[in-house]
Amino acid sequence: MAELKTKLKEYRAKFDMKQGELADKVGVRRETIIRLEKGQYNPSLKLAMDIAKLFETTVEEIFSFEEE
């Protein structure tokens, strides 16, 4: 089964953004961002695209699936 890998935490640090700030900007709860960063939540396409747009990159740069 494929596992979600994310560079979300790195991008937040690069943009000097807290989890709560990111959550507010993309319209989700902070808990959602926490779960995304831990790979415990698969984002909707819209959420993934909103995050990528905010960080001026592609969805594929931030999120990927890797086989275990």
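**Exercise 1.** In this predicted model, is Asp16 buried or exposed?

*Solution.* Begin with the position of the residue, since Asp16 belongs to the loop that lies between helix H1 (8–14) and H2. Next, take its relative accessible area, which is 70%, and set this against the cut-off of over 50% for an exposed residue; Asp16 is therefore exposed. Finally, look at the backbone, where Asp16 adopts a positive phi of about 50° although it is not a glycine.

**Exercise 2.** Determine where Glu56 is placed, and classify its accessibility.

*Solution.* The residue sits in the loop between H4 and helix H5 (59–62), and its phi is positive, at about 55°, although Glu56 is not a glycine. With a relative accessibility of 68%, and with exposed meaning over 50%, Glu56 counts as exposed.

**Exercise 3.** Describe how helix H2 packs against helix H4, starting from the geometry and ending with the residues in contact.

*Solution.* First, the axes of H2 (residues 19–26) and H4 (residues 45–54) are 10 Å apart and form an angle of about 115°. That angle makes H2 roughly perpendicular to H4, because the range from 65 to 115 degrees counts as roughly perpendicular. Second, the crossing in which H2 passes H4 is right-handed. Third, the residues that meet are Leu22, Lys25 and Val26 on the side of H2, and Leu47, Asp50, Ile51 and Leu54 on the side of H4. Sorted by class, this contact of H2 with H4 comprises five nonpolar and two charged residues, with no polar ones.

Conventions: Residues numbered from 1 in each chain as written. Predicted model: local features only at pLDDT ≥ 70, side-chain atom pairs only at ≥ 80, totals over all residues. Heavy atoms only, no water. Axes fitted to C-alpha atoms, helices over the stretch in contact; angles between N-to-C directions. Helix = DSSP H or I, 4+ residues; strand = E, 2+ residues; numbered from the N terminus. Parallel < 35°, antiparallel > 145°, perpendicular 65-115°, else oblique. Left-handed = near helix turned anticlockwise from the far one by under 90°. Contact = heavy atoms within 4.5 Å. Nonpolar A, V, L, I, M, F, W, Y, C, P; charged D, E, K, R; others polar. Buried < 20%, exposed > 50% of the residue type's maximum accessible area, 1.4 Å probe, protein only.
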